[in-house]
Amino acid sequence: MVERLRFFPAGTDGLLVELDGLETTMTLLDALQADRPGGVLELVPAARTLLVRFDARITTRIALADAISRIDLSHRSKRQGETFEIPVTYEGEDLSDVAELLGWHVEELVRRHTEATYTVAFTGFAPGFAYMTADDAAFDVPRRKSPRVRIPEGSVALGGRFGGVYPTDSPGGWQLLGRTPLKMWDTNRSRAAFLAPGDRVRFRDMAKGASVPVSAVPAASRACNPASSNVEGLLVTRVDRSALFQDLGRPGHAGQGLSGSGALDRRSLIEANLCVGNPRGSAALEIAYGGFAIKADRPVTLAVTGATTKPTIRTTDGRSLSVRTGQPFALDAGDELTLEFPTEGTRSYLSIRGGFAVEMVLGSAATDTLAKVGPNPVVAGDVLVPAIEPVSAVDPDRPVPGKLPRAGDTVTLDVILGPRTEWFTDNGLTTLLAQEWHVTAESSRVGVRLAGAVALERTDSAELDSEGTPVGAIQVPYSGQPVLFLADHPLTGGYPVIGVIAGYHLDLAGQIPIGGKIRFNALAAFDPVLREPQR
């Protein structure tokens, strides 16, 4: 049988390949992993698609589509793993609704869920989140019409034809059956993800005596920030909102369901480091909406970039000194630096000459707020320890930073339409580009939640199989009010993506404040291509 492939754009550096089914998708994934084309950076498999992220300096969508279309997919891949039992307390918020959808009593739903054998097809959405298919074909239920803002860690859920367990507290749109005490993701294990593709799972009802394997519930351990009375460094005296260590992220871990994370405004992070002579990707503090202060215990050289927070220094003799954003400056022992609520932008970046001493997790110091990977958030009372790493010269002549958006401003972001434009009516596409979208207070590092006067109109209410989502994706749930994914976005999602922000506008997107407005400007289209592999 000749497989039919379709290719769709997924931003400036992404290609979504649509196949006939899960087996074909896994076969293509294995083939590309065995012989990866030049320029391919990451592969994100899903139910019937493969998201290919590439380096646009090395290859193109057309070249990749041509190479992929030549792969022989007639010989299916077969994967085998271990068998696990997962104990569940069946008290989920959607238990009764799911039973009604399937035409069963709750007792029958629990019985059939525990009798079924699930097989892990792929991982995604969040680290340790395994998409599992059941040998009971009746388990096929629609996702919620509007996703929840928070689903508790360990929630056992159904979404479409898949089952899964949420590894951390996170947003989500699946139907909740219950919870398990097992940890699905822990970086202290030799294999951080509890489940891997090919593993088989049997769910067990804790109400009927199912026990929890001690080895499967490791003690929680997070990367910590140095903070104690015995540690010397910069004392954090004020944190009104979020202060997180960030660098350029941890790309390359899609196989474990982990997105890249890193600074929302990468250019500002790089500028902060270059100001003080650090390597471009050194860890700095990303401070959301100001309200932050530190006191030095020694002479240090710092820089603040990004949002305009009116940095000021209170010296030991009581003077108040203004600091220019985007320029290096010095603190003496006892001086205190304060950042106030920004007049422009949302995120500021604080660097120190020689870098901060912070623990790396999977090769990065970035804090991923969705995955709960990386250093803990910085709080008042923490001590930030200088790393005193090798540096180059301080650069006081960095370019003057450009203006950032204010609350109420309208920002135009370029967007590449697709991959799922066919899921929307002509009116829906017109609405995306014609009206202003307001940035709501529910926005975070995971994504910017938008609200428009007119919701985006879909062609129908069909379910979309979960598929890879790049940073900058504009995902549209049933409500028709889109979410613009930022650095800590889920790796896969089950709502159609109408477009993806151009890579050069991602930094700007991360600096649009609550109350700001967005207009989308469509760039040249890349039409789907139907191809058949050559023999």
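Here are five short exercises, with worked solutions, on the predicted model above.

**Exercise 1. Work out which residues and elements line the largest pocket, and how the lining splits by class.**

Step 1: start with the space itself, which comes to about 1200 Å³.

Step 2: go to the middle. The lining has 37 residues, and those closest to the pocket's centre are Asp13, Arg53, Arg266, Val471 and Leu506.

Step 3: look at the elements. Strands S3 (40-45), S4 (49-54) and S32 (497-501) each give at least two lining residues, and so do helices H5 (266-275) and H7 (506-509).

Step 4: sort by class. You get 21 nonpolar residues, eight polar ones and eight charged ones.

**Exercise 2. Do the same for the second largest pocket, and find which strand gives the largest share of its lining.**

Step 1: the volume here is about 740 Å³.

Step 2: 36 residues line this pocket, with Val149, Ser170, Pro171, Leu370 and Val446 nearest the centre.

Step 3: at least two lining residues come from each of S11 (170-172), S27 (447-451), S30 (483-485) and S31 (492-493). S11 takes the largest share, with three residues.

Step 4: the class split is 16 nonpolar, twelve polar and eight charged.

**Exercise 3. Show where the buried residues sit around helices H2 and H3.**

Step 1: list the buried residues of H2 (residues 61-69): Arg61, Leu64, Ala65, Ile68 and Ser69. They span an arc of only 130° around the axis, so they share the same side of H2.

Step 2: recall the geometry. An α-helix makes a turn every 3.6 residues, so residues three or four places apart point the same way.

Step 3: move on to H3 (residues 95-102), where Leu95, Val98, Ala99 and Leu102 are buried. Viewed down the axis of H3, these fall within an arc of 100° and therefore line one face of the helix.

Step 4: ask what that buried set packs against. The partners are helix H4 (106-115), strand S9 (155-159) and strand S12 (175-179).

Step 5: step just past the end of H3, and you meet Gly103 with a positive phi of about 75°.

**Exercise 4. Trace the six-stranded open sheet and find its edges.**

Step 1: write down the order, S20-S19-S22-S17-S14-S24, with antiparallel pairing.

Step 2: pick out the ends. S20 (320-322) and S24 (383-384) each have a single partner strand, so one side of each lacks a neighbour in the sheet.

Step 3: zoom in on one end. S14 (residues 234-239) and S24 run antiparallel and are joined by two bridges. Within this pair, Leu234 has Leu384 as its bridge partner.

Step 4: now compare the pairings of S33 (residues 517-522). S25 (residues 410-417) pairs with S33 in the parallel sense over six bridges, and Leu413 stands opposite Phe520. S26 (residues 437-439) pairs with S33 in the antiparallel sense over two bridges, with His438 opposite Lys517.

**Exercise 5. Decide whether Thr49 is buried or exposed, and say what surrounds it.**

Step 1: place the residue. Thr49 belongs to strand S4.

Step 2: check the accessible area. Its relative value is 1%, and the cut-off for buried is under 20%, so Thr49 counts as buried.

Step 3: look at the contacts beyond four places in sequence. Thr49 touches Leu16, Val17, Glu18, Leu19, Thr25, Val44, Arg420, Ser466, Glu467 and Gly468.

Technical notes. Residues numbered from 1 in each chain as written. Predicted model: local features only at pLDDT ≥ 70, side-chain atom pairs only at ≥ 80, totals over all residues. Heavy atoms only, no water. 1 Å grid on protein atoms, 1.4 Å probe; cavity = no way out; pocket = protein on both sides within 12 Å on 5 of 7 lines; lining within 4 Å. Points joined across faces, edges and corners; volume = space filled by probe spheres on them. Helix = DSSP H or I, 4+ residues; strand = E, 2+ residues; numbered from the N terminus. Nonpolar A, V, L, I, M, F, W, Y, C, P; charged D, E, K, R; others polar. Buried < 20%, exposed > 50% of the residue type's maximum accessible area, 1.4 Å probe, protein only. Arc of directions from axis to C-beta. Pairing = 2+ DSSP bridges. Contact = heavy atoms within 4.5 Å.
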